[in-house]
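Work through the exercises below with the sequence and the 3D view open. Each task is followed by a solution in steps.

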Amino acid sequence: MLDDTDRRILRYYQSDPDMSASILAEQAGVTATTLSRRLERMRDTGVLKGVRSVINWPALGYEVEVSLRVTLDKTQPRAFDEFIAAARQVAEVIEIQTFLGQVDVRLSVIARDMAHYQQVYRDQLLVLPHINDIEALMQVARVKGQESLPL
């Protein structure tokens, strides 16, 4: 389990993942060796899954983001597996989530503009297998996108 030192390291680490190890160690109040050992342990135990880059899609020309809520035909035994396998093949699908409840799957879809979105929707999304119902929610603004937790 995490102790106060681990939580302090994580608090500083998640606030600035690009921070150098020496500065992180200094801010967390530990030696560089202690920092290295604790980060390695947190990686080994799955607390830290890795470092990733967050892409600013609009900076790359993707101005439209849509959340699709999909209900699948659950009378088909492999509906989830086949739908997810096919959805993974659509380059504009940047996230796939599954749920229990009325909505089975949520897809996050990006597009350069509305014409591009309509083309992706008609040609690649509506033809995904086992769709029973689909609802599109157009994103207007991202109000909060932080993944940090209070530690």
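H2 and H3 are roughly perpendicular to each other. The model is a predicted one, and the exercises start from this pair of helices.

**Exercise 1. The contact of H2 with H3**

Task: Find the angle at which helix H2 and helix H3 pack, and state what kind of residues make the contact.

Solution.
- Step 1. Locate the helices: H2 covers residues 21-28 and H3 covers residues 32-44.
- Step 2. Read the geometry. The packing angle is about 95°, and the axes are 9 Å apart. Angles of 65 to 115 degrees count as roughly perpendicular, and H2 and H3 are therefore placed in that class.
- Step 3. List the residues that meet. H2 contributes Ala21, Leu24 and Ala25, while H3 contributes Ala32, Leu35 and Leu39.
- Step 4. Sort them by type. The contact of H2 with H3 has six nonpolar residues, no polar and no charged.

**Exercise 2. The contact of H1 with H3**

Task: Repeat the analysis for helix H1 and H3, then describe the surroundings of arginine 38.

Solution.
- Step 1. H1 spans residues 4-15 and packs against H3 at an angle of about 90°, with the axes 11 Å apart. H1 and H3 are therefore roughly perpendicular too.
- Step 2. From H1, the residues Thr5, Asp6, Ile9, Leu10 and Tyr13 take part; from H3, they are Leu35, Arg38, Leu39, Arg41, Met42 and Arg43.
- Step 3. By type, the residues of the contact of H1 with H3 are six nonpolar, one polar and four charged.
- Step 4. Turn to arginine 38, which lies in helix H3. Its relative accessible area is 14%, so arginine 38 is buried.
- Step 5. Beyond its neighbours within four places in sequence, arginine 38 is in contact with Asp3, Thr5, Asp6 and Ile9.

**Exercise 3. Layout of the sheet**

Task: Give the strand order of the sheet, say which strands stand at the edges, and name example residue pairs across the strands.

Solution.
- Step 1. The sheet is open and has four strands in the order E2-E3-E1-E4, with antiparallel pairing.
- Step 2. E2 (93-98) and E4 (131-138) are the edge strands; each has a single partner strand, so one side of each has no neighbour in the sheet. On average, neighbouring strands are turned by 20° against each other, direction ignored.
- Step 3. Pair E1 (residues 64-72) with E3 (residues 105-111): the two are antiparallel and share seven bridges. Within this pair, valine 64 has alanine 111 as its bridge partner, and leucine 68 stands opposite leucine 107.
- Step 4. Pair E1 with E4: seven bridges join these antiparallel strands. Here arginine 69 stands opposite glutamate 135.
- Step 5. Pair E2 with E3: five bridges join them, again antiparallel. Valine 93 has valine 109 in E3 as its bridge partner. E2 and E3 form a hairpin with six residues between them, and glycine 101 in the turn has a positive phi of about 130°.
- Step 6. Add the helix on the sheet. Helix H4 (residues 79-87) lies across E1, E2, E3 and E4, and runs at about 165° to E2.

**Exercise 4. Glutamate 65**

Task: Decide whether glutamate 65 is buried or exposed, and find the partner of its side chain in a polar contact.

Solution.
- Step 1. Glutamate 65 belongs to strand E1. This strand is mostly covered, with eight of its nine residues buried.
- Step 2. Buried means under 20% relative accessible area. Glutamate 65 has 16% relative accessibility and therefore counts as buried.
- Step 3. Its side chain makes a polar contact of 2.8 Å with the side chain of arginine 142.
- Step 4. Setting aside neighbours within four places in sequence, the contacts of glutamate 65 are Ser108, Val109, Ile110, Leu137, Met138, Gln139 and Arg142.

**Exercise 5. Histidine 130**

Task: Place histidine 130 in the chain and say what its phi is.

Solution.
- Step 1. Histidine 130 sits in the loop between helix H5 (114-125) and E4.
- Step 2. Its phi is near 70°, which is positive in a residue other than glycine. Most residues other than glycine have a negative phi.
- Step 3. With 22% relative accessibility, histidine 130 counts as partly exposed.

Conventions
Residues numbered from 1 in each chain as written. Predicted model: local features only at pLDDT ≥ 70, side-chain atom pairs only at ≥ 80, totals over all residues. Heavy atoms only, no water. Axes fitted to C-alpha atoms, helices over the stretch in contact; angles between N-to-C directions. Parallel < 35°, antiparallel > 145°, perpendicular 65-115°, else oblique. Contact = heavy atoms within 4.5 Å. Nonpolar A, V, L, I, M, F, W, Y, C, P; charged D, E, K, R; others polar. Pairing = 2+ DSSP bridges. Buried < 20%, exposed > 50% of the residue type's maximum accessible area, 1.4 Å probe, protein only. Polar contact = N/O pair within 3.5 Å; in protein donor to acceptor, adjacent residues only side chain to side chain.
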